[in-house]
Amino acid sequence: MINLWEQCPDAWRSPLDQLLDGGVGRQLEEFLAAEVLAGNEFYPPLEYVFKCLQELSVVDVKVVILGQDPYHQPGQATGRAFEVPEGVSSPPSLVNIVKLLEKDLGAVANSRGLLAHWEREGVLLLNTVLTVRKGQPESHRQRGWELVTDRIFEAVVASRTHTAFLLWGAHAQKKANLVKGDNNLVLTAPHPSPLSAYRGFFDCRHFSQTNNWLLSKGQQPINWLAN
């Protein structure tokens with residue numbers, strides 16, 4: 001039996017409780033159970049669906065990087081947006097993110113796949129939708145995940161922590177209206193996918209802009225190049 005509330009880390013149960021233990025959660029659980037029953041493989045595995053939340057509490061989050069949905073090929077999705085496991089070839093979107101990072105900061109990135117070091121710096125690597133059917137991008141849209149990630153956004157926005165929201169692509173940018181207040185910054189850019197990155201992603205300088213803004217607020221910048 002699928003129980004999303006039990007999968008949710010303790011630190012996030014308060015903002016997500018009513019959704020996951022209510023109608024939205026049941027709708028998602030029934031949908032995912034039907035996928036399993038039909039033999040439709042989906043990613044990431046259920047135990048990793050909330051992995052991006054496991055090491056961060058709401059007040060820890062200094063940056064939110066928002067993608068679309070998880071990687072849809074076997075062995076790629078980890079539960080953190082844009083990340084792949086160690087030893088797995090980087091998908092084109094991740095390759096482009098590293099290109100931006102190195103262009104923006106003028107240094108070579110130490111890690112090109114695992115992004116857990118960003119998480120330790122307070123970066124939440126979130127997708128708008130938290131699961132996807134094998135080989136079918138956007139296949140789990142409009143099943144309830146958007147309401148869950150809206151609530152995650154709202155919780156971070158309402159915290160007292162200064163937080164930058166990096167919204168990459170049209171799906172991510174739909175959440176811009178949820179970000180309010182002087183404690184928060186919104187930066188938008190095309191999605192890093194090769195289909196759209198050429199429209200300005202490589203010139204957005206989001207990594208340096210984020211650090212400059214954090215410094216202006218008296219906060220420690222993100223060590224983007226750590227590993």
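Buried means under 20% relative accessible area. The exercises below apply this cut-off, among others, to a predicted model.

**Exercise 1. Serine 193**

Task: Determine where serine 193 is placed, and whether it is buried or exposed.

Solution.
1. Serine 193 lies in the loop that runs between β6 (184–189) and α8 (206–216).
2. The relative accessibility of serine 193 is 16%, so this residue counts as buried.
3. With residues up to four places away in sequence not counted, serine 193 touches Ser93 and Asn96.

**Exercise 2. The largest nonpolar core**

Task: State how many residues the largest nonpolar core has and which of them have the most contacts inside it.

Solution.
1. The largest nonpolar core has 38 residues.
2. The residues with the most contacts inside this core are Leu4, Trp12, Phe50, Leu124, Trp145, Val148 and Phe153.
3. Two or more residues are given to the core by each of α2 (13–20), α3 (23–37), β2 (63–67), β3 (123–127), α6 (145–158) and β5 (163–168).
4. Of these elements, α6 supplies the largest share, 7 residues.
5. Another core, of 30 residues, lies apart from the largest one, and among its members are Ala164, Trp168, Phe201 and Ile222.
6. In soluble globular proteins, nonpolar side chains tend to be buried together.

**Exercise 3. The surroundings of tryptophan 145**

Task: Identify which residues tryptophan 145 is in contact with, leaving aside neighbours within four places in sequence.

Solution.
1. Tryptophan 145 is one of the residues with the most contacts inside the largest nonpolar core.
2. Its contacts include Leu4 and Phe50, both of which are also listed among the residues with the most contacts in that core.
3. The remaining contacts of tryptophan 145 are Leu28, Leu32, Val49, Thr128, Val129, Leu130, Thr131 and His140.

**Exercise 4. Two helix pairs with α6**

Task: Classify how α3 and α2 are oriented to α6, and name the residues that make each contact.

Solution.
1. α3 and α6 pack with their axes 9 Å apart, at an angle of about 135°.
2. Angles over 145 degrees count as roughly antiparallel and 65 to 115 as roughly perpendicular, and the angle of this pair falls in neither range; α3 and α6 are therefore oblique to each other.
3. The crossing of α3 past α6 is left-handed.
4. On α3 the contact is made by Val24, Leu28 and Leu32, and on α6 by Trp145, Leu147 and Val148.
5. For α2 and α6, the axes are 10 Å apart and the angle is about 155°.
6. α2 and α6 are therefore roughly antiparallel to each other.
7. α2 passes α6 in a right-handed crossing.
8. Pro15, Leu16, Leu19 and Leu20 of α2 meet Leu147, Val148, Arg151, Ile152 and Ala155 of α6.

**Exercise 5. The cysteines**

Task: Explain why cysteine 8 and cysteine 52 do not form a disulfide.

Solution.
1. A disulfide requires a pair of cysteine sulfur atoms within 2.5 Å.
2. The cysteine sulfur closest to that of cysteine 8 belongs to cysteine 52, at 9.9 Å, which is too far for a bond.
3. Cysteine 52 is accordingly in no disulfide, and the structure holds 0 disulfides.
4. Cysteine 8 counts as buried because its relative accessibility is 2%.
5. Cysteine 52 also counts as buried, because its relative accessibility is 1%.

**Exercise 6. Helix α8**

Task: Name which residues of α8 are buried and which elements they pack against.

Solution.
1. The buried residues in α8 are His206, Phe207, Ser208, Thr210, Asn211, Trp213 and Leu214.
2. These buried residues pack against β2, α4 (92–105), α5 (116–120), β5 and β6.
3. After α8 comes glycine 218, with a positive phi near 75°.

**Exercise 7. Backbone conformations in loops**

Task: Describe what the backbone angles are at proline 44, phenylalanine 82 and glutamate 138, and where these residues are found.

Solution.
1. The peptide bond joining tyrosine 43 and proline 44 is cis, with omega about -10°.
2. Proline 44 is in the loop between β1 (42–43) and β2.
3. Phenylalanine 82, a residue other than glycine, has a positive phi near 75°.
4. Phenylalanine 82 belongs to the loop between β2 and α4, and its 7% relative accessibility makes it buried.
5. Glutamate 138 is not a glycine, yet its phi is positive, about 65°.
6. Glutamate 138 is placed in the loop between β4 (132–133) and α6, and at 31% relative accessibility it counts as partly exposed.

Methods: Residues are numbered from 1 along each chain as its sequence is written. This is a predicted model: local features need pLDDT of at least 70, side-chain atom pairs count only at pLDDT 80 or more; totals for chains, interfaces and linings use all residues. Side-chain values use heavy atoms; hydrogens and water are left out. A nonpolar core is a set of buried Ala, Val, Leu, Ile, Met, Phe, Trp, Tyr and Cys residues joined through side-chain atoms within 4.5 Å. Buried means under 20% relative accessible area, exposed over 50%, partly exposed in between (1.4 Å probe, protein chains only). Helices (H or I, at least four residues) and strands (E, at least two) are DSSP runs, numbered from the N terminus. Contact means heavy atoms within 4.5 Å. Axes are lines fitted to C-alpha atoms, for helices over the stretch in contact, and angles run from 0 to 180 degrees between N-to-C directions. Angles under 35 degrees count as roughly parallel, over 145 as roughly antiparallel, 65 to 115 as roughly perpendicular and the rest as oblique. A crossing is left-handed if the near helix is turned anticlockwise from the far one by less than a right angle, and right-handed if clockwise.
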